[in-house]
Amino acid sequence: MLPLVALVGRPNVGKSTLFNALTRTRDALVHDEPGVTRDRNYGVCRLDEARPFVLVDTGGIAGENIHLESGNLAGATARQARAGAEEADLVLFIVDGREGPSALDEDILRWLRKASRPTFLVVNKTDGVDARAALAEFSRYGFSDVLAISSAHRQGLDELLAQVLAKL
Ligand code: GDP
Ligand code: MG
């Protein structure tokens, strides 16, 4: 079985963009509207041909969805996202380096601590901003593994890939 890496984060931080960049497909829906990704999306990252891994885009975990347990779509999506993260060998917790920390990020952070999977903090959208300042804004989250990237501009992806493969 290939190792499993889960992308977790609130809507609109760039999970689907990163999923596409790593899997080079358009399977994951990229859209400006928050929360538009409904389904768990699986793909295989083969950027290092010798060491493929499965990537799951857990769109829908964030926001009000995280509190819902009922049989509606949002609740089902949140449960599915949690399942994706709980079975992962490594979680990439994606945040928005332009907007900085938000209450939704902190909801997810609390849940991630309970899940206690190995987790990297990935600060996305650092194109055109001071990446070090963006990272510093999230330092209170207490991660030792932190990376600044731009999914949209494919910046930092080689380093991300190297760090991921070192952990798997
Ligand atoms: P998701 O909801 O977390 O899956 O986020 P998406 O991948 O759908 O991206 C949400 C929006 O952020 C889209 O308009 C993307 O084009 C934009 N976006 C994603 N990654 C980056 C990035 O690295 N830099 C910038 N500037 N925008 C990005
Ligand atoms: Mg998405």
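**View 1. Helix 5 against the sheet in the predicted model.** In this predicted model, helix 5 lies across strand 1, strand 4, strand 5 and strand 6. Relative to strand 6, helix 5 runs at about 160 degrees. Helix 5, which spans residues 157–167, is also one of the elements against which the buried residues of helix 1 pack.

**View 2. The six-stranded sheet and its edges.** The sheet is open and holds 6 strands in the order 2-3-1-4-5-6, with pairing that is mixed in sense. Strand 2 and strand 6, the latter covering residues 146–148, form the edges, and each of them pairs on one side only. From one strand to the next, the twist averages 25 degrees. In general, the strands of a sheet pair through backbone hydrogen bonds, in either a parallel or an antiparallel sense.

**View 3. Strand 3 between its two partners.** Strand 3 is joined to strand 2 by 5 bridges, and these two strands run antiparallel, whereas strand 3 and strand 1 pair in the parallel sense over 4 bridges. On the side of strand 2, Cys45 stands opposite Phe53 of strand 3, while Ala6 has Val56 of strand 3 as its bridge partner. Because 4 of the 5 residues of strand 3 are buried, this strand is largely enclosed by the rest of the structure.

**View 4. Helix 1 and its surroundings.** Helix 1 covers residues 15–23, and 9 of its 9 residues are buried, so the helix is largely enclosed by the rest of the structure. Among these buried residues are Lys15, Ser16 and Thr17 at the start of the list, together with Leu18, Phe19 and Leu22. The buried residues of helix 1 pack against strand 1 (4–8), strand 2 (41–45), strand 3 (53–57), strand 4 (90–96) and strand 5 (119–124), as well as against helix 5. Just after helix 1, Arg24 takes a positive phi of about 55 degrees.

**View 5. Stretches of low confidence.** The protein averages a pLDDT of 83, and 77% of the residues score at least 70. Over residues 36–40, however, the pLDDT stays under 50, although the model has 16 contacts beyond four places in sequence for this stretch. Residues 60–70 likewise have a pLDDT below 50, and the model gives this stretch 34 contacts beyond near neighbours in sequence. For the complex, the predictor gives an ipTM of 0.99 and a pTM of 0.86.

How values were computed
Residues numbered from 1 in each chain as written. Chains lettered and ligands numbered in written order. Predicted model: local features only at pLDDT ≥ 70, side-chain atom pairs only at ≥ 80, totals over all residues. Buried ≥ 20, exposed ≤ 12 C-beta atoms within 10 Å, placed from the backbone. Contact = placed C-beta atoms within 7 Å. Pairing = 2+ DSSP bridges. Axes fitted to C-alpha atoms, helices over the stretch in contact; angles between N-to-C directions. pLDDT = per-residue confidence, 0-100.
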